[in-house]
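Let's take a walk through this fold, starting with the overall picture and then working down to individual pairings. Keep the viewer open as you read.

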Amino acid sequence: MLEIEHLSLAVPSREGALPAVSDVSLSVARGRVLGLVGESGCGKSLTAQTVLRLGEYQGIERTGGTVRVDGEDVFAMDEPALRRLRGGRVSMVFQEPMTALNPVFSIGDQITEVIRLHLDVSDAQAKARAASLLASVGLSEPERLMRQYPGELSGGMRQRVLIAMAMSGEPDYIIADEPTTALDVSVQARIMDLLRALQREKGLGMLLVTHDFGLVAELADEVAVMYAGQIVESGPVEDIFDHPAHPYTRALMACRPEVAEPGRPLPAIPGQVPAPGRWPEGCRFAPRCAHAGSACERPVPERAWTSPNGSGHWACCVRVEELS
Ligand SMILES: Nc1ncnc2c1ncn2[C@@H]1O[C@H](COP(=O)(O)OP(=O)(O)OP(=O)(O)O)[C@@H](O)[C@H]1O
Ligand SMILES: [Mg+2]
């Protein structure tokens, strides 16, 4: 299991550290996909990158909680253990494939370096493994590709290279943070098919960060909906899609391009996600919620509503019963 437990984070600002993620708990079992969804600025990437403690390099402060990988506390690890974890048991695929690759080194140099970091193999073995990894992500002529530089490849090819690199340490878990948003629409589906195939074939646990509810419907087993630094609803994917409980989840689902009326502008939720430290005291979504009442002015317990069907589906809203 990959477990995030009661995680709270603060981000630096001119006014000092501001809370940006509060008391977030999530877990991803091997072989399962958890979709983490929410609008831009909700804290999805901050949460996801904490699994590998990447926030430390950006001045992001952990104010509470921890992360465990197969029971091991990531925050208790020393630097060598962290290096083995990153790209080893847990690897990450980011949104922008260009920034994750170094433009001045060939693809072959970069992928063999990652392989040698995680596996005890010779140069020749690393090269052979690199070629087979590149082929396994659907890249043809891997030997030729290894002599090329990132700038010579298309966005889709670069993302395939990064996925090959992410697989090189034989991970058990993969964190995919908006892995296709920077790519052409025509390429997005093929990259997602590849990730899904690898996830199934290798039984990986996957934390899929996305704002795309359609993708979640296709891929995820469980869903966590994030708003203003909090998980506001969580449960099995069927429950969330059949009976979204939180007004925020319902609003997000109503804004999906798939359900929009043809010829009409895409609906959007009015207002904006409050910035870190600017959260209302009561329900954080209340200022944008069409159903908010006086009960929403007080702080809402995380699992204010739990599904009577015992599926583990819950929502951080005091008005679910009244609204359904
Ligand atoms: N290094 C940082 N320094 C200061 N503020 C940050 C930093 N990283 C993130 N933030 C702020 O924290 C909030 C959450 O950011 P985060 O990147 O987690 O959002 P997100 O949900 O991933 O959004 P998106 O869908 O746009 O990727 C945002 O308001 C962002 O501006
Ligand atoms: Mg993000």
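What follows goes from the whole chain to its two sheets, and then to the helices around H7.

First, a caveat: this is a predicted model. The protein chain holds twelve helices and twelve strands. Its radius of gyration is 21 Å, close to the 20 Å that the globule rule gives for 324 residues, so the chain is as compact as a globular protein of that length. If you want a box to picture, the C-alpha trace spans about 70 × 50 × 40 Å along its principal axes.

Now for the sheets. Start with the one made of four strands: it is open, runs in the order E2-E1-E4-E5, and its pairing is antiparallel. Strand E2 (18-28) and strand E5 (72-73) are the edge strands, and each of them pairs on one side only. Inside the sheet, strand E1 (residues 2-11) pairs with E4 in the antiparallel sense over seven bridges. To find your way along that pairing, look for Glu3, which stands opposite Arg68 in E4. Strand E4 (residues 61-69) also pairs with E5, again antiparallel, over two bridges. Here Val69 has Glu72 in E5 as its bridge partner. E4 and E5 form a hairpin with two residues between the strands, and Asp70 takes a positive phi near 50 degrees there.

The other sheet to look at has eight strands. It is open too, with the order E6-E7-E8-E3-E9-E10-E12-E11 and mixed pairing. Strand E6 (90-93) and strand E11 (305-306) stand at the edges; each has a single partner strand, so one side of each is left without a neighbour in the sheet. Next to E6 in the order comes E7. Strand E7 (residues 173-177) pairs with strand E8 (residues 205-210) in the parallel sense, over five bridges. A handy marker is Ile175, which stands opposite Leu207 in E8. H7 packs on this sheet, touching E6 and E7, and its direction makes about 175 degrees with that of E6.

That brings us to the helices. What does H7 pack against, besides the sheet? One neighbour is H4: helix H4 (residues 107-118) and helix H7 (residues 155-167) pack at an angle of about 20 degrees, with their axes 9 Å apart. That angle makes H4 roughly parallel to H7, the cut-off for that label being under 35 degrees. Their crossing is right-handed. On the H4 side the contact uses Ile107, Gln110, Ile111 and Val114, which meet Val161, Ala164 and Met165 in H7. Sorted by class, that is six nonpolar residues, one polar and no charged ones.

Another neighbour is helix H5 (residues 123-136), which packs with H7 at an angle of about 125 degrees, the axes being 9 Å apart. H5 and H7 are therefore oblique to each other. This crossing is right-handed as well. Arg129, Leu133 and Leu134 of H5 make the contact with Val161, Ala164 and Met167 of H7. The class count for this contact is five nonpolar, no polar and one charged. Put the residue lists together and you'll see Val161 and Ala164 turn up in the contact with H4 and in the one with H5.

Conventions
Residues are numbered from 1 along each chain as its sequence is written. Chains are lettered from A and ligands numbered from 1 in the order in which they are written. This is a predicted model: local features need pLDDT of at least 70, side-chain atom pairs count only at pLDDT 80 or more; totals for chains, interfaces and linings use all residues. Side-chain values use heavy atoms; hydrogens and water are left out. Axes are lines fitted to C-alpha atoms, for helices over the stretch in contact, and angles run from 0 to 180 degrees between N-to-C directions. Angles under 35 degrees count as roughly parallel, over 145 as roughly antiparallel, 65 to 115 as roughly perpendicular and the rest as oblique. A crossing is left-handed if the near helix is turned anticlockwise from the far one by less than a right angle, and right-handed if clockwise. Contact means heavy atoms within 4.5 Å. Ala, Val, Leu, Ile, Met, Phe, Trp, Tyr, Cys and Pro count as nonpolar, Asp, Glu, Lys and Arg as charged, and the others, Gly among them, as polar. Two strands pair if DSSP finds at least two bridges between them. The radius of gyration is taken over C-alpha atoms; the globule rule is 2.2 Å times the number of residues to the power 0.38.
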